[in-house]
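Got the viewer open and a selection tool to hand? Let's walk through this one stop at a time, picking out one piece and then the next.

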Amino acid sequence: MMKSMRMPGRYLPYLLSLPAMLALIGIMYPFFLGVYYTLTNYTLTRPDQIEFIGLRNYAQIFSDWVFWRALLTTFVYAWAAVALELGLGLAVALMLNHPFRGVQILRSLLIVPMMIPPIVSALMWKVIFLPTRQGVLNYLLGFLGISPIAWLGGSYTALVSLILIDVWIFSPFAILILLAGLQSLPKEPYEAAMVDGASGWFVFRRLTLPMLSPCIVLIILFRLIDSLKVFDVIYATTKGGPAGATTTLHIQSYFEAIRWFKMGHGMVYALVLWIMCYLFSRVLTRLWTRALMR
Amino acid sequence: MKDGTGKLRSAVRVVGLGLYFAFAMAPIVWILMMSFKNPGDVIATPPKFIFSPTLDNYKAITVGLESYSSESLRPDFPKYFLNTLIIASATVAVSLVLGTFAAYSLARFSFPMKEDIAFTFLSFRFAPELMVILPLYVIFQKCHLIDSFAGLTLAYQLVTLPFLIWVLRGFFEEIPKEIEQAARVDGCTWWGVFCRISLPLVKPGIAAVVILSFIFAWNNFIFAMILGGERTQPITLGILGFIGYERVLWGQMAAATIICAVPELVLAFVIQKYIIRGLTFGAVKG
Amino acid sequence: MHDQQGANHRVAVLGFCLLGALLCASCSRKPDGEAKEIHLLLNRHPFTESILRFLPEYEAQTGVKVYTLLLSEEEYFEKLITELSSRSGYYDLFMLGFPHIWQYANAGWLEPLDGYIADPNLTPADWDFGDFYPGLIESSRWNLIAGGGIGEGSLWAIPVNSEAYVIFYRKDLFERFQVKAPTTYQEMYEAAKALTRVVDGEQVYGFAHRGVRSWSTINPGYCTAFSSYGARDFDENLKCAIDSPRGIEITDLFIRTLKEAGPPGWPSYTWYEGKEGFLSGRFAMWFDANHQAAAFENPSKSRVAGKVGYLLPPPGPDGEIRSNAWHWSLALNASSGRKREAWKFLAWASSKEILQRTIPYENINPTRQSVWKDARTVAVTNWGGGEYRRTADLLLSRYARIRLTPTVQITQIGDRWAEALQEIYAGSKTTEGALHDAAADINEMVRH
């Protein structure tokens, strides 16, 4: 029976990957269609008047400061969110990695922020962030003598507030992956280090961190892509305002394509976003394979 | 000396975890309170922490209350809940079946174009939803997949599959080759090794990935909205439905949110013990 | 050992089979057959929510199954756009506001309705087309020529709900602090400032209006004020005129009122925040849709019931009152394969009887004259001791019209205009500068 189960070794990997590939192949057509649209003046409300206009959309958009501001905002939002989530995630995962009373409950509770659909969380946070004393946050800060802040209404505070919401929702992601990673770490190196009398900091820097690096890179990879593409959180709260302070590439793409029916423009924004994700992922996956080989 | 640092460590741990959980749980507690408030209390200024609780919101969304005039048409909520349960479970099940094999082959075998295929899986996650949603709608329409559970399960693979493959690949890679080779020498086929050795060793990884994929599928909004319909409306759209024309029904929305989180919480509690299991194979690694 | 392997093998095979079965099942589903059912995509609105209750009657009467999908406004339009631009014809009937009528009619997504109205086989004799307010029907006709032609050409939709704009004001606060009800916008500014104070320990703001970066911010109070000053969005040559001297003057006054007497965080203010703010007593004035009175005067939900006054929008310097308007209408999908059935439903849903029955479910204001004058409607809308009906009457019959120029880019124009308002509010540009820049951008938009 065992002999008859052995399949041709060469094709096996492809056979295993094929179903997964097929499930995702539906993305290829929309992607290439999207690229095609960037070269046309396709307007949703005038579907019969599509003209090929070459790179004119790109020229228009790249010379518009709205684009560059959106690019910067996307960048800042994504990296700030990822850095905070990773830092917080690492700290909390390390702390949760010890058996103590109630740790099981805490470990189950920690994912709760992620369990609420991000768009709903954002709405709830909008209520918490209400500008006057009606907002819970301002109300509580009032006890510390701080006067109410218009969190989502001010140009700088809006972006900070959104990053805060993102960190609140997604740090559990980092914590969970890091915790699983910490739990899978082998014991010998630590035993050896204890025998050698190494300090906690040394153990952390030379043992834990390198062995966790695949996990860390993975978290950066996924959170970065998701943060670059973020939509729900911004859409539910500021919709890109005030005066464009929180407009990312995805939000602008939404306005151009769905609100103003300019598919050509909208797809350019989406394509730039896609390319950004692609470039970062290339770098990060390379880092990941290197981290594995340490 | 060691005791001293041990106590300091404990103290730091308590404070650190306390701070984080206060930060993480506070809004949840606030939403919980909101779900028990009357409409007047919900938007009160200043925010009310002490109020007389009511079960009206929960009743309204499960059974439907006649006390609101145009706002009691919500008894569909249990149906939304069921829809989401079906879709999320199916999505995770399908992703597990498809993705585990793909992850294993990427981790264990070397074959031409391996990294390209791996990266292609990842690239499916980059696509900004808006870029793909309109053509995807047309495709789905032609295949009669709009408003179908199968269609949504398929669409959700975009959200869960790349993630599952990459994370599991990482965990598979961590398994020392010697263990598997030892089993092969004993006469097991790749399938045997896979099922009886590799899979059990990545249980924490699978557990983490199952709970996270379930959450991603459960919380998804845009695919459900565009590619779904009246038959498959999931809970995310149901919750947003509380933004009525006249006013936002915060109380009911909060109640719906709490109910929405329950299956995820249950799954997390059940699964977390797989994540934390101490693994004895660590003794073999060196 | 063999059993274990076999078991695992079976599970895997089962999994693959399940997936295959799922795919096959969905792909082989037959397309919908004859018109024994219709699919509706509707906005969450008192009208649609009340219609849902009457659906079983319709189904029993006609034997046609009605499937409806109700979504909140934002999500609704996104799904609608996806559906219509794909020309799939999956949904037969949907709801629109007037900007959407312009956009979608231009794209060929709407079915002209005149033929159906005239067909005695499809429209009951007592449907009475003339009962609808002429102004509303007029604004649902367009000959698809940008810049004009409203009231000419095909009828694209049937209105089922209308609104005009009033200034809701707190009679009790005005009386208490001896502020006169404003009769000009300058007076409104001063009254607002006088009433921005702490009242009984709570901060009250004198004036509130919507603020998000969206064309829906332009539409209510702002556009009304803007038009009252005689300013227009476009001139006769379809050149943007929002930066005319009059336009700059009123915009400046309006934003100043918001900055000095309005709540902080105005740029993120949605309609429901403003409405809830007024409900909970935090604003002295709220300039928005008049039918919100239903919520304000409901003592179980509102803290200001019985204290609300209704002001006609003040006239501009030339003494003319010009309010903007809005209406929700039902329209047919041009790509639908079930248009006759869908029209029959539309006629039923907009009939006198059904519209009258939606009134208790807060579908204010009705679009039929008979329904508005009906005693049952009068009883329900008798707010403010008749002040509501008095202002609504005047608005519906005389002062309220759609003040925006029909273009296909109307929503984009509105978004850009709102952005200019946000810039003025933030102080990053002067009123003149922001409006000039917006006008330049808008001219660009219309050129294509």
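Start in chain C of this predicted model and select strand S6, residues 158-170. Now add strand S10, residues 308-311 of chain C: the two strands run antiparallel and are joined by four bridges. To see one of those pairings up close, pick C:Tyr169, whose bridge partner in S10(C) is C:Gly309.

Keep S6(C) selected and add strand S9, residues 285-289 of chain C. This pair is antiparallel too, with five bridges between the strands. C:Tyr169 turns up again here, standing opposite C:Met285 in S9(C).

One more strand to add: S11, residues 325-332 of chain C. Six bridges tie S11(C) to S6(C), and the two run antiparallel. For an example, click on C:Pro159 and look across to C:Ser329, its bridge partner in S11(C).

With those neighbours on screen, is S6(C) mostly covered or mostly open? Mostly covered: 13 of its 13 residues are buried.

Next, stay in chain C and select helix H4, residues 98-107. Why can this helix be called largely enclosed by the rest of the structure? Because 10 of its 10 residues are buried. Show the side chains and you'll find, among the buried residues, C:Phe98, C:His100, C:Trp102 and C:Tyr104. Just after the helix comes C:Gly108, which has a positive phi, near 80°.

Time to zoom out and colour chain C by domain. Domain 1 takes in residues 37-162 and 326-399, while domain 2 takes in 164-324 and 403-447. Their C-alpha centres are 27 Å apart.

Where the two domains of chain C touch, 23 residues of domain 1 are in contact with 24 residues of domain 2. On the domain 1 side, H4(C) and helix H18 (387-399) each supply at least two residues. Select H18(C) in particular, since that's a good place to look: H18(C) gives the most to this side, with eight residues. Coloured by class, the domain 1 side shows 14 nonpolar, seven polar and two charged residues.

Now hop over to chain A. What is it built from, counting helices and strands? Chain A has 15 helices and zero strands. Its C-alpha trace spans about 75 × 70 × 35 Å along the principal axes. Of its 294 residues, 52% count as buried. Looking at contacts in chain A with a separation of 6 or more, 70% come from residues 24 or more positions apart.

For a helix pair, select H5 (residues 65-96) and H12 (residues 200-228) of chain A. Their axes come within 9 Å and cross at roughly 145°, and the crossing is right-handed. Show side chains where they meet: H5(A) brings residues including A:Thr74, A:Tyr77, A:Ala78 and A:Ala81, and H12(A) brings residues including A:Ile216, A:Ile219, A:Ile220 and A:Arg223. By class, this contact has 10 nonpolar, three polar and two charged residues.

Next, show chain A together with chain B. How many residues of each are in contact? The count is 75 residues of chain A and 77 residues of chain B. To find the largest share of chain A's side, select helix H15, residues 263-292 of chain A, which gives nine residues. Chain A's side divides into 56 nonpolar, 12 polar and seven charged residues.

Swap chain B for chain C and look at the other contact of chain A. It takes 21 residues from chain A and 25 residues from chain C. Helix H14 (residues 249-259) of chain A provides the largest share of chain A's side, three residues. That side has 11 nonpolar, seven polar and three charged residues.

Last stop: chain B on its own. Colour domain 1 (2-62) and domain 2 (77-283) separately. The domain centres, taken over C-alpha atoms, are separated by 29 Å. Where they touch, 13 residues of domain 1 of chain B are in contact with 10 residues of domain 2 of chain B. On the domain 1 side, helices H1 (2-35), H2 (39-42) and H3 (56-62) of chain B give two or more residues each. H3(B) has the largest share, five residues. By class, that side holds nine nonpolar residues, three polar and one charged.

Notes:
Residues are numbered from 1 along each chain as its sequence is written. Chains are lettered from A and ligands numbered from 1 in the order in which they are written. A residue is buried if 20 or more other C-beta atoms lie within 10 Å of its own, exposed if 12 or fewer, and partly exposed in between; C-beta atoms are placed from the backbone. Two strands pair if DSSP finds at least two bridges between them. Domain bounds come from an automatic or database domain assignment. Two residues are in contact if their C-beta atoms, placed from the backbone, lie within 7 Å. Ala, Val, Leu, Ile, Met, Phe, Trp, Tyr, Cys and Pro count as nonpolar, Asp, Glu, Lys and Arg as charged, and the others, Gly among them, as polar. Axes are lines fitted to C-alpha atoms, for helices over the stretch in contact, and angles run from 0 to 180 degrees between N-to-C directions. A crossing is left-handed if the near helix is turned anticlockwise from the far one by less than a right angle, and right-handed if clockwise.
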